[in-house]
Every structure is written in structure tokens, then in C-alpha cells.
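I set out to record, entry by entry, what I looked up in this structure. The notes are kept in the order in which I worked.

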Amino acid sequence: MRIGCSGPVLASYWRSCARPFPSRPAPALRGTVPSMESAGGPGPGPGPVVLFHGDEEIIEVVELGPPGPDELAAEMQDVDVAEAEAEFEDAVAAEGLEDEAWDTEEEEEEVGGARHGGPPAPDDSEVTFARHSASVFCVSLDPRTNTLAVTGGEDDQAFVWRLSDGELLFECSGHKDSVTCAGFSHDSVFVATGDMSGLIKVWRVDTKAEVWSFEVGDLEWMEWHPQAHVLLAGTADGNSWMWKIPGGDCKTFQGPGCPATCGKVLPDGKRVVVGYEDGTVRVWDLKQGSSIHVLKGQDGHQGPLTCVASSKDGSLVLTGSVDCQAKLVNAATGKVVCVFQEGSAALLPPAGGAEEPESNSVESLGFCNVMPLAAVGYLDGTLAIYDLSTQSLRHKCQHESGIVQLLWEESAAVVYTCSLDGAVRLWDARSGKLLSEYRGHGAEILDFALNKDASVVVTTSGDHQAKVFCVQRPDR
């Protein structure tokens, strides 16, 4: 074991523990060499030849053979271990190192091979974008060409950059809090960024010029309309907002007075589904500004909404909550079709010696486009694949740590997940088998995006980086 501390403290400690044994004094001879002639070169001889310097003389010859068990026992009696440990503790206190971190070989291995020349942690990525100076919270790809990414982070910065080489195109400057939302319009003409304080900015991509900004309350979510230059957002005061860009015409949808925690514009572009902290769900008519359906009580959730998703045709909606339930809702009638629940909202065992256990919750969900399947990702690391036709659990795929987000491939029954262990995984929803895994981040993945043909995954992480992974699939 290597102790990661040096200097006078350890020198004193090791000196005290390695003092010479009295019964075996160090010899007074300084020049003993084996089988060497005193007058010159090597040659056979009866034994050691001693070279004297000045007026030195032999006082006593001591045989230094291996000690026996009795001698060792006698010698150990002369070593005061308690005294040595006391001296060491006094020295540590004097140096003020009581709380110093002491690294062991095992701890070094966890850090990686850098300290002792071992191989670095694997990095499967093709490109790394490292312009952020703090955790990177969000990422989105431009939908028209899938060649640009926008990322936002805890450093109050947002950047638009090129996927092929990580080249910065322009900085979305002027934010005053962590940038938690960022995305391109449906035609990639505009890019919008929003920070936690509620400052939303829009830039025109081709000119790199800011064309609009607006300030609301604390921002919870933000999303572009799927067919128009219209931007929607939800805030902590319960309101949902809609603006025409770049003109700025505004409409608000007043909620129940608690945070509008998540939202999703339906594919028809006429309705938006909003989930709230009190567990209610509202379907809003964007043109009329009125609520079409309100799900509350038994139809709603028993805790704050965390996520909402829509099927490709907009006929079905999935809502997820900290109550560990995912509810399948008929978007036309507002009726709950069924409730999916992975076990229960049970408490997870504490990790790393934590005093209080963590609660499980639904973190992400989505519909498959090619089969009647839905996926739900949980904080406990469970990916549940549900069969919508039978409303039953089809597969359960376990992760090493909590799932942050999941995305389906556009044209295959393959679901992608990112998790707190820093890995992206591909799962075959038909068999429930893991297809592949990609790593490269030194911390948890906080968001990710997938291009149209599912050949590129872009991730953001707590390690201050965004990474581009090229996905290889045997069936493609």
C-alpha cells in the first residue's frame, strides 16, 4: 500500500518504526567486498578481504547470518510500537494533517492509470467539444441538416458548434444564469437558448445575430413548435408562454399556480400537453388559449410531473412523475387508458453511506414509431419496455445507475439511454438485449441527442464536455 503523503511526518514515523535492534549492532567495517584481492583484480580467495583506511583496526567480527525465531522475538520486545504510533500521531497533529486524504493503490486505480502509467479510461467518442467551463446541461441538433449542435451549461454559456470537428460557429452570449434549455426551430433557421432565471434569447443561425429576447419567471421547460417559428415555454409560476418569432406576439396559458414542470407540443401543432408540480396534467388549445382536458385526482399523478411524450400521430400521450407511475392517455378524450408502474415508488437503498434513501421516479419516456411499444426510464436504473397492445410489461433492462433520458430510433425498435454512470446504451426493444455501449465521459451524462438516421449520438456531461459518438450497428 502506498500512502499519499510525504515529508517530515512520514520520515519521523518510519524512523521510529525502523530503529536498529540492540542485539544486532551495525558492524564497524566499511569496506567489505566478496572474494577480491587486496592488491588488484578479481580472483579466488578464502573469504572476504577487508580494506582498512588510516589507523582503523578490527575490534570485533560479527556473524550476520539469518536470525532465528527466538532472536526475532527478543528483538521485537525492544521495539515500543505504542510509542512509535504516539510519536507519529503527535507529528501529524503538529503538521495539521489530521484531515489529509491518504491514497491507496485501490483509490489510484479508480482515478485511472495516469498516476502509475496505466491505460486511460476508454473514450469511444469521435469528437469532444470542450469550450464549456462547467457542467453541460442540454444539447439539441439542427433538424434540417443534423450537422450543428447547440449546448448550454452551468457556466451561463451556450454555443453553436459543428459536429464533424467540434468547431465553434458562434457563442449565444448574454445569459445571467445556467443555460438549461436550448434548441433549433423546425427548419434550423433559428436557435433559442433559455437560462434558469427565465431569460430567453433567439439567434438567426445564418447571420449569427440575436433577433429576439424575452424575460419570464424561472424557466422549467422550452420547446419549438413542430411546424412554425413559434416558441413555447413553461415557468415556475405555473404559466405557459407562446411567442411568434421574431415578432414576439405573445400568449399565456395560466396554470394552477404551481410550476409547469414539463410540456410537449402535439404533432398536429394545435395542442400542447403540460404537466404541473401538483400532479395535474392539462391539454391546451393553442389557438383558443383554453384547456381542453384537465387530468387531476385519480386521473392525475400523486406527485410532480417529470416528463411527457407523444406518439407519432399524436393520438396517445405518456406522462411520468415522481410517484413512479407512467400514465397512458388518449389525447382526444383526455381519458387514462392504463397506468404503468415499475414496482412502486419505493425508497431506494442509500448509496455511498447516505443517511437517507433516495426515492424512485420516472425520469424519461417515449413511444416507438414502428411497433406498439413504449419505454419508461426510472431513477433506479430500470428501463421498462411496455407492449401497448396488451398493456403489459415486455422487457426489463437494468442499468448500473439512474437513467437520465431515453430516445427511440426513428425507424427501428431500438431505444437509446443515457445514465448517471456516464454511458450511452442501445437496447433491442424486441428482445430486451443490450446491443452496444459507448463511454468517454468522466462524469454523469446530463442530456443527449440523436440524429435522424441514428448514426450519431451527442452527449453532455458534468465533466464540462460534450461528445460526439458514431454509432455502429451490425444490421446497418
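The entries below cover the annotation, salt bridges, a charged patch, chain contacts and backbone geometry.

**Entry 1. Status and annotation**

I note at the outset that this is a predicted model. I then consulted the UniProt record, an unreviewed entry, which carries the annotation "repeat: WD" for residues 129-171, 172-213, 267-294 and 396-437. I examined one of these spans, residues 267-294, and found its end C-alpha atoms 19 Å apart. That span is 54% strand and 0% helix.

**Entry 2. Salt bridges**

I took the total for the model, and the count comes to 15 salt bridges. I looked up three of the pairs in detail, beginning with arginine 204 and aspartate 206.

The side chains of arginine 204 and aspartate 206 form a salt bridge with an N to O distance of 3.0 Å. I checked the accessibility of both partners. Aspartate 206 is exposed, at 54% relative accessible area, because the cut-off for exposed is over 50%. Arginine 204 has 31% and counts as partly exposed.

The second pair is glutamate 410 with lysine 312, whose side chains meet in a salt bridge at 3.9 Å, N to O. This pair links distant parts of the chain, as the two residues are 98 residues apart. I located glutamate 410 in the loop between strand S28 (403-408) and strand S29 (414-419). Lysine 312 is in the loop between strand S18 (305-310) and strand S19 (316-321). Glutamate 410 is partly exposed at 45% relative accessible area, whereas lysine 312 is exposed at 57%.

The third pair is arginine 439 with glutamate 400, a salt bridge of 3.5 Å, N to O. Arginine 439 belongs to strand S31 (residues 434-439) and glutamate 400 to the loop between strand S27 (392-398) and S28, so this pair ties together parts that are 39 residues apart in sequence. Arginine 439 is partly exposed, with 22% relative accessibility, and glutamate 400 is exposed, with 61%. I then asked which residues are joined with these two into one network through shared salt-bridge partners. The network consists of Glu400, Asp421, Arg425, Glu437 and Arg439.

**Entry 3. Negative surface patch**

I next looked for charge at the surface. Asp218, Glu220, Asp237, Glu277 and Asp278 form a negative surface patch. I followed up one member, glutamate 220, and placed it in strand S10 (residues 219-224). Its relative accessible area is 33%, so glutamate 220 is classed as partly exposed.

**Entry 4. Two C-alpha contacts**

I looked up valine 457, which lies in strand S33 (residues 456-461). Is valine 457 buried or exposed? Valine 457 is buried, because its relative accessible area is 1% and the cut-off for buried is under 20%. Its C-alpha atom is 6.6 Å from that of cysteine 470, which is 13 residues away along the chain.

I also looked up alanine 332, in the loop between strand S20 (325-330) and strand S21 (336-341). Alanine 332 is exposed, with 61% relative accessible area. Between alanine 332 and serine 315 the C-alpha to C-alpha distance is 6.6 Å, and the two are 17 residues apart in sequence.

**Entry 5. Backbone geometry**

I checked the backbone for departures from the usual pattern. Most residues other than glycine have a negative phi, and most peptide bonds are trans.

Where is a cis peptide bond found? The bond from isoleucine 245 to proline 246 is cis, with omega near 5°. I located proline 246 in the loop between strand S12 (240-244) and strand S13 (250-253).

Asparagine 146 is not a glycine, yet it has a positive phi of about 55°. I placed asparagine 146 in the loop between strand S2 (136-141) and strand S3 (148-153). Asparagine 146 is buried, with a relative accessible area of 16%.

Alanine 454 is not a glycine either and has a positive phi of about 60°. Alanine 454 is in the loop between strand S32 (445-450) and S33. Its relative accessible area is 1%, and I therefore recorded alanine 454 as buried.

How values were computed
Residues are numbered from 1 along each chain as its sequence is written. This is a predicted model: local features need pLDDT of at least 70, side-chain atom pairs count only at pLDDT 80 or more; totals for chains, interfaces and linings use all residues. Side-chain values use heavy atoms; hydrogens and water are left out. Patches are made of residues with over 30% relative accessible area and no salt bridge: like charges are joined within 9 Å, nonpolar side chains (Val, Leu, Ile, Met, Phe, Trp, Tyr) within 5 Å. Accessible areas come from the Shrake-Rupley method with a 1.4 Å probe; for residues, only the protein chains shown count as cover. A salt bridge is a side-chain nitrogen of Lys or Arg within 4 Å of a carboxyl oxygen of Asp or Glu. Lys and Arg count as positive and Asp and Glu as negative; His and the chain ends are not counted. The place of a charge is taken as NZ of Lys, CZ of Arg, CG of Asp or CD of Glu. Helices (H or I, at least four residues) and strands (E, at least two) are DSSP runs, numbered from the N terminus. Buried means under 20% relative accessible area, exposed over 50%, partly exposed in between (1.4 Å probe, protein chains only). UniProt positions are given in the numbering used here, feature names are shortened, and annotations may be inferred rather than shown by experiment.
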